[in-house]
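Student: I should like to learn how to read the features of a structure, one at a time. Could we work through an example together?

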Protein chains: 2
Amino acid sequence: MTITIKDVAQKANVSIATVSLALHDNVRISPGTKKKVMKVVDELNYRPSRIARGLVLQQTQNIGFLLTNDHFLHTEPFYTHIFLGSEFEARDHNFYVLLNTIPNKFNECDHLPRFVLEKNVDGVIIAGKVPLEIVTCLEADKIPVVFVDFYPPSGEYSAVLIDNVQGGEKATEHLIAYGHRNIGFIGGDMVHPSIRDRFQGYQIALEKFKIPFNMKQVVTRESTTNRKSGYHAAEILLKKNKDLTALFACNDAMALGAMQYIKETGKKIPEDISVIGFDDVVEDLSSDPPLSSIRVPKVEMGIESVRLLMDYLSSKRPKKVLIPVELISRNSVLNINGKY
Amino acid sequence: MTITIKDVAQKANVSIATVSLALHDNVRISPGTKKKVMKVVDELNYRPSRIARGLVLQQTQNIGFLLTNDHFLHTEPFYTHIFLGSEFEARDHNFYVLLNTIPNKFNECDHLPRFVLEKNVDGVIIAGKVPLEIVTCLEADKIPVVFVDFYPPSGEYSAVLIDNVQGGEKATEHLIAYGHRNIGFIGGDMVHPSIRDRFQGYQIALEKFKIPFNMKQVVTRESTTNRKSGYHAAEILLKKNKDLTALFACNDAMALGAMQYIKETGKKIPEDISVIGFDDVVEDLSSDPPLSSIRVPKVEMGIESVRLLMDYLSSKRPKKVLIPVELISRNSVLNINGKY
DNA sequence: CTGAAAGCGCTAACAT
DNA sequence: ATGTTAGCGCTTTCAG
């Protein structure tokens with residue numbers, strides 16, 4: 001049937017132990033035998049059964065990837081890219097990643113993803129904001145965890161975080177460099193640390209350039225951060241701020257919604273109002289004009305998260321990584337230096 | 001450490017064989033012992049190791065879920081929903097779903113997803129159009145396959161297909177019922193059977209109501225079917241058809257692009273032109289006006305695909321399922337009956 | 001109706 | 001340097 005280590009051993013005229021050793025680059029094996037064995041492995045196209053291996057090694061070589069339903073089904077493929085990165089890196093370590101969404105509300109530890117209930121994973125990557133209850137439950141299970149783009153308010157964990165403060169600064173400084181002084185900020189769900197940090201970056205940049213911060217130019221009452229709330233927030237912001245020349249949206253989805261509102265009121269982007277977003281998920285969305293944004297290296301974040309997990313699995317020590325972001329300048333921001 | 005069948009046997013004062021039998025509802029066990037065993041199972045919170053089980057049963061209880069990179073990263077979460085459905089149903093069968101994307105170009109059987117190379121799945125679900133080469137390679141591996149929203153030009157497979165012809169008819173008939181007679185069609189990538197079928201539904205509906213089909217009212221030269229190509233196709237279509245009152249786009253992404261173009265030319269939707277899409281992926285996109293569309297039950301398709309795979313695993317006979325679609329009437333189509 | 005025991009494919013300690 | 005063997009946790013004949 002399926003070809004096993006026995007078949008290889010037989011054909012190579014060695015014991016199965018030797019085959020196993022050869023396969024694992026063990027030093028205690030002579031180069032000659034190793035070569036001989038590997039040749040047969042190739043010929044027979046043998047691949048060790050990960051099930052048998054898992055049984056004896058007492059490990060699954062699986063990683064769980066957890067995110068909320070909402071985040072997974074999100075229109076902007078943000079976490080999808082992160083997942084892809086993790087899958088990519090997992091391959092190099094011969095791990096599989098099991099994707100599992102969880103409801104946005106969560107209370108019972110009984111409803112933990114079955115891969116942790118069944119101990120079918122060696123560790124878990126948690127992407128994006130999740131209910132804190134689940135973190136507690138996971139903690140009780142003593143299952144290794146690394147967070148991506150989210151960090152629980154308390155506790156010590158491995159995590160891959162975006163440098164949101166830096167990003168907020170870069171976005172705002174870009175507007176300032178282009179001569180803007182009346183810069184609005186729209187964001188929602190300020191409980192979310194990422195959004196809060198981006199907002200903080202906005203404030204830091206203003207301060208750095210001695211531009212007075214004005215709470216009137218800030219709309220952070222939306223409960224979500226999607227296109228619709230961007231549209232709505234822009235409406236509120238622009239109705240009470242007639243002098244705004246630029247707008248920093250806490251993410252691209254909101255920026256897109258804001259752009260829609262602005263255009264519908266007959267104004268032009270960037271001539272009348274400049275807009276900058278965050279996340280850079282709009283490449284394929286062909287917004288008009290193309291949206292300037294802060295690029296977050298999503299695939300790299302996924303890769304890094306797996307690395308951190310591997311690292312934790314061997315060292316048992318949590319580690320944090322801050323991922324730098326990059327300004328992507330397109331055509332939604334106008335240089336108004338010397339214009340006024 | 002982790003609690004095994006032995007612990008249960010010991011505590012229940014039976015043999016491990018008995019525990020196993022009890023766990024699997026075997027008839028040859030007395031109700032009394034079974035109850036006793038199950039009680040201990042509950043107390044100890046015992047869960048059989050799927051690895052050990054997999055080893056003896058020679059099956060992984062994993063399903064591979066394959067789609068192209070493009071489809072996975074697609075802005076509209078179409079396949080994402082299908083995946084979610086499959087995950088959902090897989091749970092009921094105690095299977096895991098391993099998601100794997102493949103490049104849009106594919107040539108070497110050596111580059112098959114590693115879960116098939118390693119035989120880490122009992123079967124594979126293929127979602128959306130994939131390179132035919134991969135189908136051939138999979139075939140050579142004799143691994144059970146079910147297709148979702150795609151069917152290879154030749155061969156006999158299990159498949160979950162959308163009734164695209166019916167959908168195209170429903171969309172077109174809706175426009176006709178609302179008094180439209182000059183109805184345009186925009187689509188791209190006519191090599192794709194789904195798009196072709198939708199187009200065919202459009203033609204059937206026209207014919208049914210004795211409305212002459214006019215190739216001039218059809219734009220199918222786009223190579224992709226996204227927002228951008230919708231914008232472009234609408235431009236071509238509307239420039240050479242001044243009398244169009246309605247437009248059927250082969251999917252929502254194109255419909256959205258078309259709407260953008262229409263609005264930019266100063267026309268109103270649906271007053272000047274009615275638009276209907278296909279797929280109904282725009283719920284959370286809050287298009288303005290809300291787009292009428294043909295709803296495809298994506299989650300159900302995922303569920304059905306797993307069922308078909310389970311069915312095939314036991315019966316070894318392929319089966320095809322046609323999923324009916326539903327008209328979702330919103331506000332992008334105007335009733336012009338009696339208006340002209 | 002229940003228990004003993006073999007064996008799934010592999011690793012690693014222990015022999016040789 | 002290589003082989004022998006026990007055992008990972010489970011299912012399943014086969015005996016009793």
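Tutor: Let us begin with the nonpolar core, bearing in mind that this is a predicted model. In soluble globular proteins, nonpolar side chains tend to be buried together. Here the largest nonpolar core has 170 residues.

Student: Which residues have the most contacts inside the largest nonpolar core?

Tutor: They are Ile186(A) and Ala258(A), with Ile186(B) and Ala258(B). Take Ala258(B) as a case: leaving aside residues up to four places away in sequence, Ala258(B) touches Ile186(B), Gly230(B), Tyr231(B), Ala233(B), Ala234(B), Leu247(B), Ala249(B) and Val275(B).

Student: How should a single helix be read, for example H9 of chain B, and why does its length agree with expectation?

Tutor: An α-helix has 3.6 residues a turn, so residues three or four places apart point the same way. Helix H9 of chain B covers residues 164-177, and at 1.5 Å a residue its 14 residues should span 20 Å; the end C-alpha atoms lie 19 Å apart, which agrees.

Student: Is H9(B) mostly covered or mostly exposed?

Tutor: H9(B) is mostly covered, with ten of its 14 residues buried. Among the buried residues are Val165(B), Ala171(B) and Leu175(B), but also Glu169(B) and Lys170(B). Just after H9(B), Gly179(B) adopts a positive phi of about 95°.

Student: Where do the domains of chain A lie in the sequence?

Tutor: Domain 1 of chain A runs over 5-48, domain 2 is made of 62-162 + 298-325, and domain 3 occupies 164-296. Between the C-alpha centres of domain 1 and domain 2 of chain A the distance is 36 Å.

Student: What surrounds DNA strand C?

Tutor: There are 25 residues around DNA strand C, of which Thr4(A), Ile5(A), Ala52(A), Ala17(B) and Val56(B) come nearest. Helices H2 (16-23) and H4 (50-57) of both chain A and chain B each supply at least two residues of the surface near the strand. The largest share, five residues, comes from H4(A). By class, this surface has 15 nonpolar, eight polar and two charged residues.

Student: How is the contact between the two chains to be described?

Tutor: The size of an interface is often given as the accessible area lost when the parts come together. A residue count is used here: 31 residues from chain B and 31 residues from chain A take part in the contact. On the side of chain B that touches chain A, H4(B) gives the most, with five residues. That side has twelve nonpolar, ten polar and nine charged residues.

How values were computed:
Residues are numbered from 1 along each chain as its sequence is written. Chains are lettered from A and ligands numbered from 1 in the order in which they are written. This is a predicted model: local features need pLDDT of at least 70, side-chain atom pairs count only at pLDDT 80 or more; totals for chains, interfaces and linings use all residues. A nonpolar core is a set of buried Ala, Val, Leu, Ile, Met, Phe, Trp, Tyr and Cys residues joined through C-beta atoms within 7 Å. A residue is buried if 20 or more other C-beta atoms lie within 10 Å of its own, exposed if 12 or fewer, and partly exposed in between; C-beta atoms are placed from the backbone. Two residues are in contact if their C-beta atoms, placed from the backbone, lie within 7 Å. A residue is near a molecule or strand if its C-beta atom, placed from the backbone, lies within 6 Å of it. Helices (H or I, at least four residues) and strands (E, at least two) are DSSP runs, numbered from the N terminus. Ala, Val, Leu, Ile, Met, Phe, Trp, Tyr, Cys and Pro count as nonpolar, Asp, Glu, Lys and Arg as charged, and the others, Gly among them, as polar. Domain bounds come from an automatic or database domain assignment. The expected span of a helix is 1.5 Å times one less than its number of residues.
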